[in-house]
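Subject: Structure for your review

Dear colleague,

Please find below the structure that I agreed to hand over to you. I would be grateful if you kept it open while reading the notes that follow.

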Amino acid sequence: MSKTERIEHRACFGGWQDVYRHRSDVLGSEVTVGVYLPPQAGQGKKLPVLYWLSGLTCNEQNFITKAGAQRYAAEHGIIIVAPDTSPRGDDVPNDEAYDLGQGAGFYVNATRDPWSKHYRMYDYIVDELPAWVEADGAASDVRAISGHSMGGHGALMIALKNPGRYRSVSAFSPIVAPSQVPWGEKAFGAYLGDDREAWKQYDTVELVKQGAAEKLPLLIDQGDADEFLEGQLKPQLLRAAAEAAGHPLELRMQPGYDHSYYFISSFIGDHIAHHAKALKA
């Protein structure tokens, strides 16, 4: 990382909600990332970090302005890091559709032109971003990960592929089987090519079926009034895979809730408490 610039600095629940812009070597572009520092930061002890991955069309602003997470992060003494969902810029490939290109990185390493030069969100989230965060004296290498929709896919998949790297994982309305739904098929076909076997390395259901090296418990909240439930999300596929593999899963179907941040803000306190328990164990 180089050329880091703080572009927002706002007092929030006794701490600071910041936004940074930096140059990512992995993505070959400038990236913005939200960082919430709770009031316990700077008191001589490094704090654990919760990484939040957002969904399609989002950037760092959606979560930091709508989820209401800072209140709970301040209570538990947790840093929250919320990066953008893709590389961006005039020289970064894009598509007119909302579900491909900028705003739709899908947290994979693209292997197909023209995407492969910039769309390496997997490496950015797993390696480059934590290295930047942990270079700050306030942050420890004790990590948790969570996300929503496309970001829920990213959080679950990344946690399963990196045993020992995260203490806990959770998701809201995740795309659990991207290889089997239109959003994922479109993105994976563009970024990874036509070999569906190659897609499985980024598919949560497939990873659970293959048997995870670490059976990290999965916490998922899903609204039963979500407009994307049957066509794109299909949580029943993950439930079946987890039961067959003996993988711990708490799938909470929440009556009346949809896909929006009204849903996320209603249960974000539960998720942060879940992560806090694991992070402080």
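A polar contact is a pair of N or O atoms within 3.5 Å, where, within protein, one atom must be able to donate a hydrogen and the other to accept it. Please also bear in mind that this is a predicted model.

**Asn109 and its surroundings**

With that definition in hand, we may begin with Asn109. The side chains of Asn109 and Asp123 are joined by a polar contact of 3.0 Å. Asn109 itself sits in the loop between β5 (79-83) and α3 (121-134). Is Asn109 buried or exposed? Its relative accessible area is 10%, and because buried means under 20%, Asn109 counts as buried. Leaving out residues up to four places away in sequence, Asn109 touches Tyr119, Arg120, Met121, Tyr122, Asp123, Leu192 and Tyr202.

**Helix α5**

Leu192, one of the residues that Asn109 touches, is also one of the buried residues of helix α5. This helix spans residues 182-192 and is mostly covered, with 8 of its 11 residues buried. Which residues of α5 are buried? They are Trp183, Gly184, Ala187, Phe188, Gly189, Ala190, Tyr191 and Leu192. These buried residues pack against α4 (150-161), α6 (196-199) and α8 (229-233). After α5 comes Gly193, which has a positive phi, near 95 degrees.

A salt bridge also involves α5. The side chains of Arg196 and Glu185 meet in it, at 3.2 Å from N to O. Arg196 lies in helix α6 and Glu185 in helix α5, so the pair ties together parts that are 11 residues apart in sequence. Both partners are partly exposed: Arg196 has a relative accessible area of 43%, and Glu185 one of 29%.

**Other salt bridges**

How many salt bridges does a search of the whole structure find? The search finds 11. One of them joins Glu8 and Arg10, whose closest N and O atoms are 3.4 Å apart. Arg10 counts as exposed, at 52% relative accessibility. Another salt bridge brings together the side chains of Lys200 and Glu197, at 2.9 Å from N to O. Here Lys200 is partly exposed, with a relative accessible area of 26%, whereas Glu197 counts as exposed at 53%. In addition, salt bridges that share partners join Asp221, Arg252 and Asp270 into one network.

**Asp221**

Asp221, a member of that network, is placed in strand β8 (residues 218-223). At 0% relative accessibility, Asp221 counts as buried. Which side chain shares a polar contact with that of Asp221? The partner is Gln254, at 2.8 Å. Apart from its neighbours within four places in sequence, Asp221 is in contact with Ala171, Phe172, Ser173, Arg252, Gln254, Phe263, Phe267 and His271. The C-alpha atoms of Asp221 and His148 are separated by 9.6 Å, although these residues are 73 apart along the chain.

**The cysteines**

The structure holds 0 disulfides. Why does Cys12 form no such bond? The closest cysteine sulfur to that of Cys12 belongs to Cys58 and is 19 Å away, which is too far for a bond. Cys58 is likewise in no disulfide. Both residues are buried: Cys12 has a relative accessible area of 18%, and Cys58 is at 8% relative accessibility.

**The nonpolar cores**

In soluble globular proteins, nonpolar side chains tend to be buried together. In this model, the largest nonpolar core has 65 residues. Which of them touch the most other members? They are Val81, Phe106, Ile125, Leu129, Ile145, Ile158 and Tyr191. Tyr191 has already appeared above among the buried residues of α5. The element that gives the most to this core is α3, with 8 residues. Apart from this core lies another, of 25 residues, including Leu50, Phe63, Val142 and Phe267. Of these, Phe267 was also named above as a contact of Asp221.

As you go through the model, I suggest taking the sections in the order given here.

Yours sincerely,
A colleague

Technical notes
Residues are numbered from 1 along each chain as its sequence is written. This is a predicted model: local features need pLDDT of at least 70, side-chain atom pairs count only at pLDDT 80 or more; totals for chains, interfaces and linings use all residues. Side-chain values use heavy atoms; hydrogens and water are left out. Helices (H or I, at least four residues) and strands (E, at least two) are DSSP runs, numbered from the N terminus. Buried means under 20% relative accessible area, exposed over 50%, partly exposed in between (1.4 Å probe, protein chains only). Contact means heavy atoms within 4.5 Å. A disulfide is a pair of cysteine sulfur atoms within 2.5 Å. A salt bridge is a side-chain nitrogen of Lys or Arg within 4 Å of a carboxyl oxygen of Asp or Glu. A nonpolar core is a set of buried Ala, Val, Leu, Ile, Met, Phe, Trp, Tyr and Cys residues joined through side-chain atoms within 4.5 Å.
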